[in-house]
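Let's look at how charged side chains pair up in a protein model. Have the sequence and the 3D view ready, and follow the pairs one by one.

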Amino acid sequence: MSVSPTNPYFLAIFCLAVSTVVLKLCKSSKLDHIPYVGHSTWLGPYISAFKYVKNAAQILEEGCAKYKGLPFRVPALRRWIVVIGRHHLEDIKKFTDHELSLVEASNDFLNLSYVIGSEVIANPFHISVARVHLARSLSPHYLDMKDEICTAFDELLDLRDNEWKSVLAVKTIREVICRASNRVFVGLPLCRDPDWIEITSRFTIDVATDGIILTMFPKFLAPVVSKLLPNAPARVKRAVRLLDSTIKERFRCMREHGDKWSNKPNDILQWLIDEKREFTTRQLTPRILMINLAAIHSPTNTFAHALYYLATHPQCVGLLREEVDTVIEEHGWTKEAVGQMWKVDSFLAEIERLEGFTASVQRKAMKDLTLSDGTFIPKGTHVSIPTYVIHRDSTVYENPDLFDPLRFYKLRNDEKDSARHQMVAVSQNYLAFGYGKHACPGRFLAADELKTMLAYVLMSYDVKFAEGISRPSSIKWDIASMPDPSVRLMFRKRVHH
């Protein structure tokens, strides 16, 4: 039986789910000591939960303006969220994972235990493997990643002479990022395999779709409903079939040659194998897919937003191209050269500031906790930081609602510690990649990837919207700000004036 709005079994379960959510949100809560933002009627929390899904930014702004940095709570589907202020970031940083858990918060948000499998969530060692190895292996991988970016763009756009060509922006960008990332994750030739590209690029959408549907149901129904969701489980099975021969060959080499052999792959798949914690394709495949989940969705959104802004503000093209042309001519295509592109970095950091997640640094309390200001957080409570509000704080950012592509470039030039204003920086005023020990471990790879993509587009192509089209409004869903996937961009080979 599949999940379909016309399926009577689904409708019955959905009605039960709605009733459960209403009762859960409307009943007395352990959080009554924390003020509530939303409708005040009996069904108010339920109504406000759907409003939060549609326009979280407005509710967060209202709460921050009313309570001036003090904690407040907002209803989301199936749970309350306690929104805490910037000064609570140090509280989040000091608590252990056994007290405040990012993994469990993510699991609750997307129901990953049911969609992916409980073992991956219970023992997420792939995160630490990625963090440790990516930190010391970016330079050796850079030329491979750059090669894949250039090859993917050229193949996907397939431009002739000086003609303009219209393409679906998000779809094209997602495939470029998928190929470039998987060049580092699983290597050639799999990163260019059309089936692998389709699986990994669609996997994020499948997980999000399945997870959101499961979020509509109370937890006791999740094991039943999850069996009716064919999207993510079907992708996992296909991925297992594609990875199987590669993984078996690598284990064969390890049995014959030990831990080192000629032409041993240096990618994330091999790093996971080298951990010697899991030994089958069925165990390793979900971890590779989870790494893809983190590596493809957010960078795709960021780069699509970047191209939409670039097409909207053509005056940016000249100043960015001048920097890229100068740096590449002097240093060539190297990781160090990309590090010299301060204006490109600033442009992307500004995109992240304006179009990043509405709320971030989400955690789940695994036991009763007390914050430094005395606020009591009961076990099971989700806490979050109002990133949208912080990124538009006029005491931190001049004209915060204005798009200023050189905002962070100027800050880097004005202050001695220029690293504080790179797009990969983590601070209490800039939360694009989270905060504390769980700040995104792949952010350095993502930044190099995004800057290389933008630099290559600037050097190689002209970009614009079709006649009469302007930058589309972002699609808001819960805490996400997504570029409109139906929008087409026009590309042609760069015309040198």
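Asp 267 and Arg 250 are joined through their side chains in a salt bridge, with 2.8 Å from N to O. This pair ties together distant parts of the chain: Asp 267 sits in the loop between α11 and α12, Arg 250 sits in helix α11, and 17 residues separate them. Keep in mind as you explore that this is a predicted model.

**Asp 267 and Arg 250: buried or exposed?**
- Both partners, Asp 267 and Arg 250, are buried.
- In general, side chains of opposite charge can pair when their charged atoms come close.

**A pair inside one helix**
- Helix α11 (residues 231-257) also holds both Glu 249 and Arg 252, which are 3 residues apart, or about one turn of the helix.
- The side chains of Glu 249 and Arg 252 form a salt bridge too, with an N to O distance of 2.6 Å.
- Glu 249 has a relative accessible area of 36%, so it counts as partly exposed, the class between 20% and 50%.
- Arg 252 is likewise partly exposed, at 29% relative accessibility.

**A pair between two helices**
- Glu 155 makes a salt bridge with Arg 179, and their closest N and O atoms are 2.9 Å apart.
- Here again distant parts of the chain are linked, as Glu 155 belongs to helix α7 (residues 125-157) and Arg 179 to helix α8 (residues 169-185), 24 residues apart.
- The two partners differ in their surroundings: Glu 155 is partly exposed at 49% relative accessible area, whereas Arg 179 is buried at 4%.

**A closer look at helix α8**
- How many of the 17 residues of α8 are buried? The count is 16, so this helix is largely enclosed by the rest of the structure.
- From its first C-alpha to its last, α8 reaches 24 Å, close to the 24 Å expected at 1.5 Å a residue.
- Just after α8 comes Gly 187, which takes a positive phi of about 80°.

**The wider picture**
- Which residues join Glu 155 and Arg 179 in a network of salt bridges? They are Asp 144, Asp 147, Glu 148, Arg 183 and Arg 192.
- Across the whole structure, a search finds 33 salt bridges, among them the Asp 267 and Arg 250 pair you met at the start.

Definitions and conventions: Residues are numbered from 1 along each chain as its sequence is written. This is a predicted model: local features need pLDDT of at least 70, side-chain atom pairs count only at pLDDT 80 or more; totals for chains, interfaces and linings use all residues. Side-chain values use heavy atoms; hydrogens and water are left out. A salt bridge is a side-chain nitrogen of Lys or Arg within 4 Å of a carboxyl oxygen of Asp or Glu. Helices (H or I, at least four residues) and strands (E, at least two) are DSSP runs, numbered from the N terminus. Buried means under 20% relative accessible area, exposed over 50%, partly exposed in between (1.4 Å probe, protein chains only). The expected span of a helix is 1.5 Å times one less than its number of residues.
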